[in-house]
Each structure stands twice: as C-alpha cells, then as structure tokens.
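Got your viewer open? Keep the selection box handy and follow along stop by stop.

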Amino acid sequence: MERHAVLYEDLAGRLGGQIRRGLLRPGERLPSLRRLGEQERVSIATAVEAYQRLEREGLVEARERSGYFVRAPFVAAPKAQPPRLQARSPQPLRNPALLGVLDVLSREDLLPLHVTTPMPELLPARSIAAATARVLRREPGLALSYGAPQGMRTLREQIARRYLHCGVEVDPDEVIITAGAMEAITLALRSVTQAGDVVLLETPTYYGILQAIAALGLRAIEVPNRVGAGIDAAALRAVLARHPVRAAVLVPNFNNPTGSLTADADKRAIVDACGAQGVTLIEDDLYGELGYSGERPSPLRRYAGRTRVITCSSYSKTLAPGLRIGWALAGAHVDELVRAKCFSSVSTASLPQRAIAEYLARHDFDRALRRLRRELAANTQRWRDTIRRSWPADTRVSEPAGGMTLWLELGAGVQGQALFEAAAARGIGCLPGHLFSLRGDYRGHLRLGLGLPWSPRVENGLRELGRLAGTLASRHTMEDTRT
C-alpha cells in the first residue's frame, strides 16, 4: 500500500509538472489508463489514483466515455472589495426586489442559468427512482401514511453516521427531518427568536434567508462574507460587542452566492465569539458535501458541540431536489424544534424519507457525490473560461472551491438589474446581485448557477449574456461621454 501511494504520487507529480510547464496543453487528451500504465510500468490502479489526484488539483478533467483531458487554467481575477454596507445598525428587511424572486423562479421559458439546483442528469436519478419503487412495493402502507414529527428513525441514524466523516459526533435523537434546509432554518429561527429580535447575517447571503427573516418580523444586521475568504470573523466579533444579537444565520461552507469557504480558524473564532455573547448559531451547511477537492470542510458544529449550534442541511443539492428531504441537528433545542415542526406541517412526507433511506442503504452515495463534484468543478472551469473569452474584460468572477454558484462583479457601470432584464427578454435566467443583501447592495453584481450539464445551449447562453453586458457597458460609456 505504501509503495502504491509513492508510485501514484510520483506519477501525478510528474504529469502535473508537465501540465504547469505547458508541455501538455489545455484540451489535450491524456493517455488511457491502460496505455499510461504500460508507458510508466505501473498498475491501472496506480494510473487511476494519479489521474484522480490531478482532478482534485484542477489540472485534468474526466469526460464520460472519452477519457482524461488537460484543463485550461483558471482565469486569475482581481480580488473585489466588498461594497460599504448601507445598514450599520439592526434593520427590518428593506429590499422590495425580493418579492419578485418567485416570479423568476416559476418561469419555465428561461434557460435556467440562475438555478442552483443540479439537473437530473447530474444526479443518481435512476437509483432514486428504483429505491422509491422498492419502498412502494415492499411497504405501501407505511410509505403513504403520516410519520412521526421528528422523522424516520433509520434516516436520522444515517444522517448522524454521515457526520462522522467530518469529525462531528451526532446523536440520532437530535436529528429532525424537515421539508428541505429552508424549513429547518425557519423552524430554528422560530424556536430561538421572537419578533423584533436582532439576527446577524453575512452579506451577501442567500435571498431565502432574508425572506425568512422578514416573514418572522425580525431585524437583521450584516457582516461581510469576503469573496474567496468567507465570513469576516473580526467584523462579526465587533458587531456582537455593540448590538444585542439573539441568533446568527451563517453559511460558512461555500456560501450562496459567493461560493466562499470560511477558514477553520475563523470558524472557531466565530463559534467562540457567539458563545461568549450567548448567541445561538444557526448554520446553513447545504453545500458542505460539494467541495471540488473531495475534502469535506468542517461545519461550525465541530467547534461548538451540540448545545450552541443548530446545523441545517438537506439532500436537495446532492440527491433529489424534488423529494424535499432536509434536516436540523437541533442539539439542546430539539424539543422546541419538534414542537414547531408538528405545529407547522405535522411531519415530513413518509415516502420521500423512506426512498432516501432505501437509497442510502442500497446504493453508493459517495460515488454519486464524486461524480457530482467532478461535474460541478468542470462547470466552474467552463463557465469561467467562457466569461473570460466573451464578457467585457473588466468583469470579475469568483473562483469557488465548491458549491453551485458564481458571483460576478460587472464592470463599466453595468447594473445587475439591467442585465437581468435584458437577459430575461431573450429567454436567459440570471439573478441580480441586489437580491442578496438586506438593503439591496451589490447592484453591480450578478449570480449564476452551475447546475446545468454543459452543452452548446448553455455556452451560447453565457456568450449572449456577455454580449448583453458589453452592450450595457457601451451604453454607459456613451452616456458618460455626453455628460
């Protein structure tokens, strides 16, 4: 085993060096596994490990039924500074644009470059369908009946075991099955806050969290989530020292929309700061399994124990969006959350719970995750390369290490809302940046989703978005010239 590790690491190192020096060029097809093994006098297993190592490093990509290819290097984008926050004290939600989000999401005539849900082609759809059919055939009575408010015991145990992979010990009795991660977050907020309380958020953040804050009559205060660096722990500590914050809703792992990953040291500092002030942490860990390297980043729960963090997530981004199976690791708040769940929706649907549990028991979830991560990493590369080639040169684009979003800073005075409207008129979906903050900041930004399989239609849609951005930039320049 030790010799095998040395062999594949040496082989990956030599191939990686050739790619970095330009001896192997972007788009070039690499030798097949069998041919590489023969050339290098190593086993096929060693060749597989070497290529997978290069995949994790972002140097090569696997194409189904075609083999391995050299990837084009990521475009180095200047680091954008976050805009000055407009809201410096706790505020109710004041972003009327959020009310129109549902209109966009319900449109079926758009090329959905705005959607952050993987399409069925990227998911184990056939295996999920087979698991659902087996459940209906074997136990139709249970599958079609009400379940317990807390959720199916077997599924709760499977979720608890999964967290052992990232060093977190979870008691199945604290797991509550919900209708997606957003229900888990909403139940947590309802359980630990009252109308008028102050909730700390990062900015930019997912618009669904902002909508939940508004629906519950809460006030919010924001701290920066820095592109490429994650939540600003020092800014969070300063806010907690000045304001009576009751809870914090944070997305430390591959934030939506920036894709940023908060460093472990900052996670620990955030947990310590919230603990010192008695602030309940509600963690949205929806994208935690989608690190492109294959390494599972730590949730905040790892640094806090079960009494100080409520971790929320779901299978919506990794297995089956339409089944709406999520969960909360409720810790010390389990009784309050179970009551809130019972009063709001009685229980989560039984058939989807049993189908997911059957899938996890009979199929290889890790294999499906590896394929999904690989496709998302490839999409990130393709999206960014297309933006580099066909958008205005001053466009800045994030370089996420995981998740399902790209965050763009538009140049030359281009407004995200104007680009969003022009794109929608041409049948292309995207979301303007001002949807992702309390007061409508980030007006010169745009969010794109990465959940579509790559195709000529997707590439053409991205190119058309770039053309529209160029047209808006030219118009802005002409207006400046006139004035």
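What follows is a short walk through some helix contacts, cavities, a ring pair and two backbone spots.

Before you click anything, keep in mind that this is a predicted model.

**Stop 1: a turn in the backbone**

Select Arg41, in the loop between α2 (33–40) and α3 (44–56). Check its backbone: Arg41 isn't a glycine, yet its phi is positive, at about 60°.

**Stop 2: α5 against α13**

Now show helix α5 (residues 125–138) together with helix α13 (residues 350–362). They pack at an angle of about 115°, and their axes are 8 Å apart. The crossing is right-handed. To see who touches whom, put sticks on Ser127, Ile128, Ala131, Thr132, Arg134, Val135, Leu136 and Arg138 from α5. On the α13 side, pick Leu351, Arg354, Ala355, Ile356, Glu358, Tyr359 and Arg362. Colour this contact by class and you should get eight nonpolar, two polar and five charged residues.

**Stop 3: α8 against α9**

Next, select residues 181–192 for α8 and 207–215 for α9. Here the packing angle is about 35°, with 10 Å between the axes. α8 goes past α9 in a right-handed crossing. Which residues of α8 meet α9? Met182, Thr186 and Leu189 do, and their partners in α9 are Gly208, Ile209, Ala212 and Ile213. By class, the contact holds five nonpolar and two polar residues, with no charged ones.

**Stop 4: a cis proline**

While you have α9 on screen, look at the loop between β4 (198–203) and α9, where you'll find Pro204. The peptide bond joining Thr203 to Pro204 is cis, with omega at about 0°.

**Stop 5: the cavities**

Time to look at empty space. How many cavities of 30 Å³ or more does a search of the whole structure find? Two.

Begin with the largest, which holds about 150 Å³ of space. Centre your view on Arg162, Tyr163, Glu289, Arg296 and Trp327: of the 16 lining residues, these lie nearest the middle of the cavity. Then bring in α7 (153–162) and β9 (309–314), each of which supplies at least two residues of the lining. Sort that lining by class and it comes out as eight nonpolar, four polar and four charged residues.

The second largest cavity has about 30 Å³ of space. Select Pro392, Asp394, Thr395, Leu410, Gly411, Val414 and Ala469 to see its lining. Four of these residues are nonpolar, two are polar and one is charged.

**Stop 6: a ring pair**

Last, turn to the aromatic side chains. A search of the whole structure finds eight aromatic pairs. One of them is Trp407 with Tyr442, an edge-to-face pair with 5.7 Å from centre to centre and 70° between the planes. Trace the chain from one ring to the other and you'll see that this pair links distant parts of it, 35 residues apart. Trp407 sits in strand β12 (residues 405–409), while Tyr442 is in the loop between β13 (431–432) and β14 (445–449).

Note on methods: Residues are numbered from 1 along each chain as its sequence is written. This is a predicted model: local features need pLDDT of at least 70, side-chain atom pairs count only at pLDDT 80 or more; totals for chains, interfaces and linings use all residues. Side-chain values use heavy atoms; hydrogens and water are left out. Axes are lines fitted to C-alpha atoms, for helices over the stretch in contact, and angles run from 0 to 180 degrees between N-to-C directions. Helices (H or I, at least four residues) and strands (E, at least two) are DSSP runs, numbered from the N terminus. A crossing is left-handed if the near helix is turned anticlockwise from the far one by less than a right angle, and right-handed if clockwise. Contact means heavy atoms within 4.5 Å. Ala, Val, Leu, Ile, Met, Phe, Trp, Tyr, Cys and Pro count as nonpolar, Asp, Glu, Lys and Arg as charged, and the others, Gly among them, as polar. On a 1 Å grid over the protein atoms alone, a cavity is a set of points where a 1.4 Å probe fits but cannot get out, and a pocket is an open set with protein on both sides within 12 Å along at least five of seven lines; lining residues have an atom within 4 Å of a point. Grid points are joined across faces, edges and corners, and a volume is the space filled by probe spheres set on the points. Rings of Phe, Tyr and Trp (its six-membered ring) pair if their centres lie within 6.5 Å; planes under 30 degrees apart count as stacked, over 60 as edge-to-face and the rest as tilted.
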